[in-house]
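Work through these exercises with the model on screen. Try each task before you read its solution.

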Amino acid sequence: MIITIITLFPEMFQGPFAHSIIKNAIGKNLVKINFVNMRNFGIGKHKIVDDKPYGGGKGMIIRVDVLNSAIEYAKKMYKTLDKYQKIILLDPTGRTFNQKVAFKLSKVKHLIMICGHYEGFDARIKIYVDDIISIGDFISTGGEIPAMLITDSIIRLIKGVLPENVITEESFSTSKKQAFLEHPQYTRPKVYKKYKVPEVLLSGDHQKIADFRKKSSRELTSKIRPDLLKT
Ligand SMILES: C[S@@+](CC[C@H](N)C(=O)[O-])C[C@H]1O[C@@H](n2cnc3c(N)ncnc32)[C@H](O)[C@@H]1O
């Protein structure tokens, strides 16, 4: 899979993508991540990318012409994949990201994500994208952290990045095995202060352990996220 991130701040990604599972996936050539700096498509000597909003108001708006030039550039980087690419605008007005969306995006061959900044984008940019995604009902300073989060959650779903059962047995999995929140997990020590690990997990009885986990997964879901049981 190829992920191309259009941003004004490519340096922000250096740390998060240089460790752990993402680093390994890049190392194994299971994913390639590129950055396109929107600034390179800015206007004039000062490479200006934004301007004041028509009609007045606060802040600065990213220009549609500048951003669309960056999108065109990103598309041309992998011209042969143009039938298999998806352009995503990161914006609070988009549909909310979740594990189902992550699964779908992990199958895309070339995913282009656009990070906004300042007051956001000229609305006309929405004509040039395939989807608009929000990471939740709150506002982050820019699209960079949302892009990191989406990239991270997608990469771990690419075949070969993690063992299959890690994916199918965790919270929000789309598999039938685990449609709820994951059951609580425990490790050593057996007793911490006055708190004990549930006895059944020490029993060695695999059936009992599986039943206990299934039951606690349902109980946890109904207590914390009853909405998941309805869907
Ligand atoms: C400060 S925000 C702009 C918010 C915009 N004025 C609004 O009220 O909807 C700047 C950029 O951060 C990104 N961003 C902020 N919150 C986001 C969210 N919940 N999901 C995805 N991207 C977000 C977007 O790319 C956005 O263009």
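**Exercise 1. A salt bridge across the chain**

Task: Find the salt bridge between Glu119 and Lys58, and say which parts of the chain the pair links.

Solution:
- Step 1. In this predicted model, the side chains of Glu119 and Lys58 meet in a salt bridge, at 3.3 Å from N to O.
- Step 2. Place each partner. Glu119 sits in the loop between β6 (110-114) and β7 (131-134), and Lys58 in the loop between β3 (50-51) and β4 (61-62).
- Step 3. The two residues are 61 residues apart, so the pair links distant parts of the chain.
- Step 4. Check the cover. Glu119 has a relative accessible area of 42%, so it is partly exposed. Lys58 has 63%, so it is exposed, since exposed means over 50%.

**Exercise 2. Two more pairs**

Task: Classify Arg124 and Asp122 as buried, partly exposed or exposed.

Solution:
- Step 1. A search of the whole structure finds nine salt bridges. One of them joins the side chains of Arg124 and Asp122, at 2.6 Å from N to O.
- Step 2. Arg124 has a relative accessible area of 47%, so it is partly exposed.
- Step 3. Asp122 has 18%. Buried means under 20%, so Asp122 is buried.
- Step 4. Now try Arg63 and Asp65, whose closest N and O atoms are 2.6 Å apart in a salt bridge. Arg63 is partly exposed at 26%, and Asp65 is partly exposed at 35%.

**Exercise 3. The span of a helix**

Task: Compare the expected span of α6 (residues 206-224) with the distance between its end C-alpha atoms.

Solution:
- Step 1. Helix α6 has 19 residues. The expected span uses one less than the number of residues, times 1.5 Å.
- Step 2. That gives 27 Å.
- Step 3. The end C-alpha atoms of α6 are 27 Å apart, which agrees.
- Step 4. Look at the start of α6. There, a side-chain oxygen of Asp205 reaches to within 3.2 Å of the backbone nitrogen of Gln207.

**Exercise 4. Two sides of α6**

Task: Which residues of α6 are buried, and which are exposed on the other side?

Solution:
- Step 1. Ile209, Ser216, Ser217 and Thr221 are buried in α6.
- Step 2. They cover an arc of only 130° around the axis, which puts them on the same side of α6.
- Step 3. An α-helix has 3.6 residues a turn, so residues three or four places apart point the same way.
- Step 4. The buried residues of α6 pack against α7 (226-230).
- Step 5. Gln207, Lys208, Lys214, Lys215 and Lys223 are exposed on the other side of α6.

Technical notes: Residues numbered from 1 in each chain as written. Predicted model: local features only at pLDDT ≥ 70, side-chain atom pairs only at ≥ 80, totals over all residues. Heavy atoms only, no water. Helix = DSSP H or I, 4+ residues; strand = E, 2+ residues; numbered from the N terminus. Buried < 20%, exposed > 50% of the residue type's maximum accessible area, 1.4 Å probe, protein only. Arc of directions from axis to C-beta. Contact = heavy atoms within 4.5 Å. Polar contact = N/O pair within 3.5 Å; in protein donor to acceptor, adjacent residues only side chain to side chain. Salt bridge = Lys/Arg side-chain N within 4 Å of Asp/Glu carboxyl O.
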